[in-house]
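Hi,

Here is the structure I said I'd pass on. Have a look through it, and my notes follow underneath.

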Amino acid sequence: MSGDIRELYQQMIMDHNKNPRNFHALKESNRNAEGYNPLCGDHFKVFLQMDGDVIKDIAFEGAGCAISKASASMMTTALKGKTRQEARALFEEVHKMLSRRIGEVFDASKVGKLATLAGVCEFPARVKCASLAWHTMCEALEPTGKQVTTE
Ligand code: ZN
């Protein structure tokens, strides 16, 4: 990571960790799922309020490290108002971005502000922290009945 990006990355993580967006239970939710990252101890519940195929509202609660919380917070702001398909597509792009090999390029235009998390791939142990909320959101969106865990 270049110095500027690293600084932006740290600022975003700190900001979202300190003031997480949509960090509360959602009374009106009609879907939810819980996810665990046993490696780090991150544990979140993601709530969705679906209006047909549209994510009308999304929120999360739980506890975890700064990266897991910041990633969950950014996810909620990115997905509010999106359709199920758009959410799924964004998940795929974020997953690609987080699990790419160091030095491998990705299309930052597809993930918007979430591109700030691109640097996480340099820290393999943190990739699970950053992707936990996304896997949890997918289970809420399209339930498989399996427990969401990063292991
Ligand atoms: Zn973590």
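Gln49 touches Leu26, Glu28, Ser29, Asn30, Val54, Ile55, Lys56 and Asp57, if you leave aside its neighbours within four places in sequence. Keep in mind as you read that this is a predicted model. Gln49 sits in strand S2, and is it buried or exposed? Its relative accessible area is 17%, and the cut-off for buried is under 20%, so Gln49 counts as buried.

Strand S2 covers residues 42-51 and runs antiparallel to strand S3, residues 54-63, with 9 bridges joining the two. Across that pairing, Lys45 stands opposite Glu61 in S3. The hairpin of S2 and S3 has 2 residues between the strands, and Gly52 there takes a positive phi near 65°. Asp53 is also in the loop between S2 and S3, and with 38% relative accessibility it counts as partly exposed. Which residues does Asp53 contact, beyond its neighbours within four places in sequence? They are Lys82, Thr83 and Arg84.

Now the metal site. A zinc ion is coordinated by the SG atoms of Cys40, Cys65 and Cys129, and Asp42 is listed twice through OD, with distances of 2.2 to 2.6 Å. Along the chain the donors follow the spacing C-x1-D-x22-C-x63-C. Cys40 lies in the loop between S1 and S2 while Cys129 is in helix H4, so this pair ties together parts of the chain that are 89 residues apart in sequence. How exposed are the cysteines at the site? Cys40 is partly exposed, at 31% relative accessible area. Cys65 is buried at 17%, and Cys129 is buried at 0%. If you want a sense of where the hairpin loop sits relative to the zinc donors, Asp53 and Cys129 are 28 Å apart in space, C-alpha to C-alpha, and 76 residues apart in sequence.

Since you'll probably want to know about the cysteines in general: how many disulfides does the structure hold? The count is 0. Take Cys121, whose closest cysteine sulfur is in Cys129, 14 Å away, which is too far for a bond. The cut-off used for a disulfide is sulfur atoms within 2.5 Å. Cys121 itself counts as buried, at 7% relative accessibility.

Next, the aromatics. There are 2 aromatic pairs in the structure. In one of them, the ring centres of Phe23 and Phe60 are 4.9 Å apart and the planes are at 50°, so this pair is tilted. It links distant parts of the chain, with Phe23 in the loop between helix H1 (3-18) and strand S1 (31-37), and Phe60 in strand S3, 37 residues apart. Phe23 is partly exposed at 32% relative accessible area, whereas Phe60 is buried at 0%.

The other pair is Phe44 with Phe60: their ring centres are 5.6 Å apart with planes at 70°, so it is edge-to-face. Why edge-to-face rather than tilted? Because planes over 60 degrees apart fall in that class, and the planes here are at 70°. Phe44 lies in strand S2 and Phe60 in strand S3, so the pair ties together parts that are 16 residues apart in sequence. Phe44 is buried too, at 0% relative accessibility. Put together, Phe23, Phe44 and Phe60 form one aromatic cluster.

Last, the inside of the protein. In soluble globular proteins, nonpolar side chains tend to be buried together. Here the largest nonpolar core has 40 residues, and the ones with the most contacts inside it are Leu79, Leu114, Trp134 and Met137. At least two residues of this core come from each of H1, S2, S3, helix H2 (66-79), helix H3 (84-99) and helix H4 (124-141). Which element gives the largest share? That is H4, with 10 residues. For a look at one spot in the core, try Leu114: not counting residues up to four places away in sequence, it touches Met74, Met75, Ala78, Leu90, Val94, Met97 and Trp134.

That's what I have for now. Shout if you'd like to go through any of it together.

Cheers

Conventions. Residues numbered from 1 in each chain as written. Predicted model: local features only at pLDDT ≥ 70, side-chain atom pairs only at ≥ 80, totals over all residues. Heavy atoms only, no water. Pairing = 2+ DSSP bridges. Helix = DSSP H or I, 4+ residues; strand = E, 2+ residues; numbered from the N terminus. Phe/Tyr/Trp six-rings, centres within 6.5 Å; stacked < 30°, edge-to-face > 60°. Buried < 20%, exposed > 50% of the residue type's maximum accessible area, 1.4 Å probe, protein only. Contact = heavy atoms within 4.5 Å. Core = buried A, V, L, I, M, F, W, Y, C linked by side-chain atoms within 4.5 Å. Donors = N, O, S within 2.8 Å, 3.2 Å for Na, K, Ca; no water.
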